[in-house]
Amino acid sequence: MDYEILLKYTKNACTDTEKEEVDHWLASQDAETASSSLWQLWDKSVTAANGEAMEESLQLLLQRIEIFEQKTAKKRQLHTLYITLYRIAGMLVLPLLASWLTWHYMSPDIQPEIVVQNIEYSTQVGERKTILLEDSTKVYLNSGSILITPDKFTGNKRNVILLGEAYFEVAKNKNKPFIVTTHLMDIEALGTEFCISAFHNDNSVRTTLTEGSVRVSPTQDDAILSVILKPNEQAYYTQGMDNIQVEQVHTSIYTSWINGEFIFEDAPFAEVTKRLETQYGVTIQYNKKQFTKDKINAKFIYHESLDDILRMLSKVAYFQYSQKGSVYYLSKKP
């Protein structure tokens, strides 16, 4: 493969003929060949990269690789690629990797002559996005999240990957289940509406069903039985647990972000601060033992500033806070 064409591919500068050539080449590669090729591409393009951007892209790359390593049975084969890419800053090779993973792991029943492209949707801190997939499924993507989906669903399943939080209004197709893969859990639906919270830096996944039904299964432990949710139920799974917890909930609390609101009802203080960290792109540090008894009942609007929200919370949880850059320090009032 001509590395000049590969470089053009990463920059979306290929002709249609060149793009088709790269797609077919990616479809034919095993892990070791892909690793070698990506290394050579990196060697040829390293001088064009910005260090900070490389680090950020590498983290996204690793999250994506980790999901596929957990999902696929070809772990030994993929391990070589994983170790290689762990050392490569992924900014310039992400498009190639996305296509390679699509061919080999997201759509195993796709024939090489059918070209399927991966599409990656992402939101910045404080941003929300509405996405319409090719099967008419509507996705609301919350702040700081990534959705990876093929440009067309082939085969007998509709597979997407989520890193972060999203609300899905799935188009009905009883012959082709819609499956969302996260780092800890698979969620399968035929036609339904549900919300998933699955951020990469969290060791738990939460699925909340508003309409229809979904099947929820851990991605890493076949010994744990899957569960089927009914409307107004929520499945909660933490890494290392021996089962999936299910409870009745007020779904509006967990879907209010779609309308630009935070709603908390008797919420643990840690849950509130985690939501604020995600929305505002900050770190909130405090002694968690001092706040374990604090439960929050509140409603905030997205356009409110973090300082305004913290000032209101401080009157309820009786704390004071200071700020240094993007880090907020909370401490109980004497």
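Okay, let's start with one ring: F153 has 9% relative accessibility, so it counts as buried. Keep in mind that this is a predicted model. F178 goes further down the scale, at 0% relative accessibility, so that one counts as buried too.

Why put those two together? The structure holds 14 aromatic pairs. In one of them, the ring centres of F153 and F178 are 6.2 Å apart and the planes sit at 70°, so we call the pair edge-to-face, the cut-off for that being over 60 degrees. Now look at where they come from. F153 is in the loop between β4 (146–150) and β5, while F178 is in strand β6 (residues 178–181), so the pair ties together parts that are 25 residues apart in sequence.

For contrast, there's a stacked pair, F262 and F264, with 6.2 Å centre to centre and 10° between the planes. F262 comes out at 2% relative accessibility, so buried, and F264 at 5%, so buried as well. These two also belong to an aromatic cluster, along with Y280, F300 and Y302.

Okay, cores. Which residues have the most contacts inside the largest nonpolar core? That core has 31 residues, and the answer is F168, V180, F194, I196 and V216. Strand β5 (residues 158–169) gives the most to this core, namely four residues. If you click on F168, leaving out residues up to four places away in sequence, you'll see it touching K138, V139, L147, V160, L162, F178, V180, T192, E193, F194 and I196. So yes, our edge-to-face F178 turns up in that list. Apart from this core lies another one, of 27 residues, including V282, A298, F319 and L330. As background, nonpolar side chains in soluble globular proteins tend to be buried together.

Next, the sheet. What is the strand order in the open sheet of three strands? It goes β15-β18-β17, with mixed pairing. β15 and β17 are the edge strands, each pairing on one side only, and the twist averages 20° from one strand to the next.

Let's walk across it. β15 (residues 283–285) pairs with β18 (residues 327–332) in the parallel sense, over three bridges. Q285 has Y329 as its bridge partner in β18. On the other side, β17 (residues 319–324) runs antiparallel to β18, and six bridges join them. There, S322 stands opposite Y329, so to speak, and K324 has V327 as its bridge partner. β17 and β18 form a hairpin with two residues between them, and in the turn G325 has a positive phi of about 65°.

Helices next. α9 (residues 306–317) lies across β17 and β18, running at about 155° to β17. Then there's α8. That helix (residues 269–280) packs on the sheet, touching β15, β17 and β18, and its direction makes about 150° with that of β15.

Last thing, for anyone who likes charges over rings. The charged end of K288 sits over the ring of Y286, 4.8 Å from its centre. K332 lies over the face of F291, with 4.5 Å to the ring centre. That's my tour, thanks.

Note on methods
Residues numbered from 1 in each chain as written. Predicted model: local features only at pLDDT ≥ 70, side-chain atom pairs only at ≥ 80, totals over all residues. Heavy atoms only, no water. Pairing = 2+ DSSP bridges. Core = buried A, V, L, I, M, F, W, Y, C linked by side-chain atoms within 4.5 Å. Buried < 20%, exposed > 50% of the residue type's maximum accessible area, 1.4 Å probe, protein only. Contact = heavy atoms within 4.5 Å. Phe/Tyr/Trp six-rings, centres within 6.5 Å; stacked < 30°, edge-to-face > 60°. Lys NZ or Arg CZ within 6 Å of the ring centre and 35° of its normal. Axes fitted to C-alpha atoms, helices over the stretch in contact; angles between N-to-C directions.
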